[in-house]
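Colleague: I'm new to reading protein models. Could you walk me through this one, piece by piece?

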Amino acid sequence: MLVFTNRDTRAAADASAFKRSFQPGATLLSAATVASAGGSFALDGLQSGISDDQALQALVPVFGGNQPVLVYLHGNNNSPADCFERCARLEEIYGCAVVGFSWPSEGALSSGEDPPGLPVPQAASDDDDEEGLAGVNGSNRTDGWVQRKIQRYWQAKMNASAGVDALARFLRLLATARLYVHQQPMSLAAHSLGAHFLQNTIEVSGATEALGAQHNIALLAPCCRASGHETWLAKLAPRGQVFITFNQGDIVLYGARIADHDQPKLGAEPDGRLVAPKVRYVSFTNAPLEFGGHHYFVRKKLPKDQRKVFGRMFSSERDIREDQGEYPRKVYPLGCDADGATCYMAKP
């Protein structure tokens with residue numbers, strides 16, 4: 001799989017090649033081919049400070065292959081190795097050629113150092129993965145170990161804001177390669193805080209136009225403000241559909257809500273809906289999910305109906321094949337609202 005990054009890089013053949021540091025406001029990108037190797041990941045052909053021509057040379061074979069292309073933008077507190085593992089998992093489950101984007105989401109400063117005054121961790125688990133915010137609630141919000149999680153989450157949001165120019169360049173390069181080859185379709189999946197990153201990036205010149213080359217755009221458990229989301233969501237105009245998945249029982253997004261001073265998150269319960277022909281909200285509330293219900297698109301023993309829905313999103317297909325006489329309950333177990341805006345994987 002091919003992975004791009006706006007992180008600083010160093011000469012190495014493993015995940016350590018992608019550093020925690022980055023250059024705020026820069027369009028600098030690097031890229032490498034990543035392969036699984038004995039339980040870890042090996043990097044080949046690392047190109048630091050990749051030029052547009054070099055990037056296109058790397059992308060063209062992906063679009064000229066025999067699999068639909070899925071672009072994956074990860075969420076909060078994903079190390080490079082976490083990004084590689086998730087991309088490999090998506091390839092394994094859905095049979096797509098995945099192009100990942102690794103960004104500095106671990107909550108470090110642009111220098112790669114921890115923010116000053118960060119509480120000392122009590123245990124190694126205090127610096128855990130994207131599930132870290134699941135332990136945050138109203139009664140422990142000011143505890144030191146919880147504040148460490150919250151402050152690192154805030155810094156990750158700042159890093160996303162400082163990386164929009166690099167992500168916008170990446171999106172433009174993807175669109176150029178897709179239109180040049182014009183063979184395999186392409187869809188974008190942005191998970192959790194990755195949706196916040198995308199939301200900020202569409203304000204950069206050319207980014208929204210570049211997203212027009214995507215077939216589907218899937219916002220998976222999006223960790224961004226629910227209130228008023230219709231305004232920026234309306235700016236997304238892919239060739240196919242825009243999907244927003246949500247789960248009221250998502251404990252990670254509940255923790256993010258507490259961290260952001262009781263700000264409801266789009267991936268937990270949309271506040272209002274954008275009713276538009278290409279927009280589909282998908283409720284996973286009360287559906288069979290892993291504990292906490294945050295990364296249900298890559299869970300183990302994925303139910304057949306969920307695999308079908310995500311498989312179509314990620315493979316640049318329509319969710320409901322109306323041209324083949326398919327009706328909502330053939331895809332969504334509880335069907336859809338009359339206006340088609342929201343479909344249900346379980347009784348809400």
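Modeller: Sure, and keep in mind that this is a predicted model. Let's begin with the sheet: 10 strands form an open sheet with mixed pairing. Reading across it, the order is β5-β4-β1-β7-β6-β8-β9-β10-β11-β12.

Colleague: Okay, which are the edge strands of that sheet?

Modeller: Look for strands that pair on one side only. In the order of the sheet, β5 and β12 stand at the two ends. So the edge strands, by that one-sided pairing, are β5 (40-47) and β12 (342-344).

Colleague: And by how many degrees are neighbouring strands of this sheet turned against each other on average?

Modeller: Here you ignore the direction of the strands and just average the turn between neighbours. For this sheet that gives 25 degrees.

Colleague: Let's zoom in on β9 and β10. What is the bridge partner of Ala218 in β10?

Modeller: Strand β9 covers residues 217-220 and strand β10 covers residues 242-246. They pair in the parallel sense, over 4 bridges. Within that pairing, the partner of Ala218 is Phe243.

Colleague: Now the helices. Is α4 roughly parallel or roughly perpendicular to α5?

Modeller: Helix α4 (residues 164-181) and helix α5 (residues 193-201) pack with their axes 9 Å apart, at an angle of about 85 degrees. Angles from 65 to 115 degrees count as roughly perpendicular. That's why α4 is, relative to α5, roughly perpendicular.

Colleague: What kinds of residues make that contact, nonpolar, polar or charged?

Modeller: On the α4 side you'll find Val164, Leu167, Ala168 and Leu171, and they meet Phe197, Leu198, Asn200 and Thr201 in α5. Sorted by class, no charged residue takes part, and the rest are 2 polar and 6 nonpolar.

Colleague: Which strand does α9 run at about 135 degrees to?

Modeller: Helix α9 (residues 304-314) lies across β6, β8, β9, β10 and β11. For comparison, α5 lies across β6, β7, β8 and β9, and its angle of about 115 degrees is to β8. For α9, the angle of about 135 degrees is to β9.

Colleague: Last thing, pockets. How many residues lining the largest pocket are charged?

Modeller: The largest pocket holds about 350 Å³ of space. Its lining has 14 residues, with Glu85, Arg86, Glu130, His295 and Val298 nearest the centre. Split by class, there's 1 nonpolar, 3 are polar, and the charged ones number 10.

Colleague: And what is the volume of the second largest pocket?

Modeller: Its lining has 15 residues, among them Met1 and Leu2, and by class 9 are nonpolar, 4 polar and 2 charged. β4, β5, α1 and β7 each supply at least two of the lining residues. The second largest pocket's volume is about 200 Å³.

Note on methods. Residues numbered from 1 in each chain as written. Predicted model: local features only at pLDDT ≥ 70, side-chain atom pairs only at ≥ 80, totals over all residues. Heavy atoms only, no water. Axes fitted to C-alpha atoms, helices over the stretch in contact; angles between N-to-C directions. Parallel < 35°, antiparallel > 145°, perpendicular 65-115°, else oblique. Contact = heavy atoms within 4.5 Å. Nonpolar A, V, L, I, M, F, W, Y, C, P; charged D, E, K, R; others polar. Pairing = 2+ DSSP bridges. 1 Å grid on protein atoms, 1.4 Å probe; cavity = no way out; pocket = protein on both sides within 12 Å on 5 of 7 lines; lining within 4 Å. Points joined across faces, edges and corners; volume = space filled by probe spheres on them.
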